[in-house]
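Here are my notes on the model you sent over. I went through the fold, the pockets and the aromatic rings, roughly in that order.

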Amino acid sequence: MSQNEVRESSPSLGLALLGSELRVLFRRRRTWAMLAALAAVPVLIAVAVRLSDSPDTPGDGPAFLSNITQNGLFVGLTALIVSVPLFLPLTVGVVAGDTIAGEANLGTLRYLLVAPAGRVRLLLVKFAGAAVFCVVATLVVVLTGAAIGAVLFPIGPVTLISGDTVGVGGYALRAALFAAYVSISMLGLSAIGMFISTLTTVPVGAMAATIVLSAVSQILDVLPQLSAIHPWLFSHHWLGFADLLRTPIDFTVFGENALLQLGYIAVFGALAYGRFATKDILT
């Protein structure tokens, strides 16, 4: 095959590799177990509120918890707020930490690097697979919350933080924006996890390190003595999607969060490439 033919086949080769990566990822029992655990979060919240005899007091528990009994659409939003600090980073850390280290541990990394696949393309495919998981994981929480909320509670127009009221369709648009916001929020962590994954052949170690860094970033973000570094922490805007519940929608934090995550992707993507490009693949 000539060099021109290789270049022309590159897009189709990349799509084929991505398709293979997604098939492997979503055929694993571990992936489905993590998605099931995420789906259980809104279910547990909805059932607990439904079975509770005590009145919901505003300010007690997660944000919007007291609104669930009036409108089941708030189940998904409350579940996102609960999931973002721990459950979503945990599952994303597992997937991202396994990207390269998992292949090295299984002895399949050497075969994945056979030309014309290449190391850059493999890294891009691995990150794309982790990004798809971020989207799917977030949608599982949002859609399960909407479904269980509709089953157990009344559904109707939603009163926003700004005091305006939107119908179910208007809220569905905002729910899609919530999912997009949270998915983007997890991309920086995915890039960090992929970089760590290039440093080891032990996937469990890469997973654990990624999850620990997620916790460390959130701890640093609540210390007022470190306020100077707060805007630079990848977790700083994770829970900033409340502005999407205003009319008109305020996209300021959305843009700031996207820019921050893009910075982490660029930095840790470059570090991952620098490490992976010079790494000896022996197995």
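1. Pockets first, and keep in mind that this is a predicted model. The largest pocket holds about 180 Å³ of space. Its lining is made up of 15 residues, and those nearest the centre are Val142, Ala146, Tyr171, Ala172 and Ala175. Two or more lining residues come from each of α3 (74-83), α7 (119-152) and α8 (168-185). The largest share belongs to α8, with 7 residues.

2. What is the character of that lining: nonpolar, polar or charged? For the largest pocket the split is 14 nonpolar, 1 polar and no charged residues.

3. The second largest pocket has about 150 Å³ of space. Around it sit Val120, Leu123, Leu124, Phe127, Met194, Ile265, Gly269 and Tyr273. Helices α7 and α11 (252-277) each give at least two residues to this lining, with α7 providing the largest share, 4 residues. Here the lining divides into 7 nonpolar, 1 polar and no charged residues.

4. Stepping back to the overall fold: the protein has 11 helices and 2 strands. Reading from the N terminus, the order of elements is α-α-α-α-α-α-α-β-β-α-α-α-α. Among contacts with a separation of 6 or more, 76% are between residues 24 or more positions apart.

5. On the surface side, 43% of the 283 residues count as buried. The protein exposes about 13600 Å², and 69% of that is supplied by carbon and sulfur atoms.

6. Now the rings. The structure holds 11 aromatic pairs. One of them is Phe195 with Phe268, a tilted pair at 5.9 Å centre to centre and 55° between the planes. This pair links distant parts of the chain, as Phe195 is in helix α9 (residues 187-197) and Phe268 is in helix α11, 73 residues apart. Why does Phe195 count as buried? Because its relative accessibility is 17%, and the cut-off for buried is under 20%.

7. Phe268 has another partner: with Tyr264 it forms a stacked pair, 6.0 Å centre to centre and 0° between the planes. Both residues lie in helix α11, 4 residues apart, which is about one turn of the helix. Tyr264 has 18% relative accessibility, so it counts as buried.

8. Last point, for when you have the viewer open: ring pairs also link Phe64, Phe74, Tyr171, Phe178, Tyr181, Phe241, Phe251 and Phe254 into a cluster. You'll recognise Tyr171 from the largest pocket, where it is one of the residues nearest the centre.

Notes
Residues numbered from 1 in each chain as written. Predicted model: local features only at pLDDT ≥ 70, side-chain atom pairs only at ≥ 80, totals over all residues. Heavy atoms only, no water. Buried < 20%, exposed > 50% of the residue type's maximum accessible area, 1.4 Å probe, protein only. Contact = heavy atoms within 4.5 Å. Areas by Shrake-Rupley, 256 points an atom, 1.4 Å probe, with all protein chains shown as cover. 1 Å grid on protein atoms, 1.4 Å probe; cavity = no way out; pocket = protein on both sides within 12 Å on 5 of 7 lines; lining within 4 Å. Points joined across faces, edges and corners; volume = space filled by probe spheres on them. Nonpolar A, V, L, I, M, F, W, Y, C, P; charged D, E, K, R; others polar. Phe/Tyr/Trp six-rings, centres within 6.5 Å; stacked < 30°, edge-to-face > 60°.
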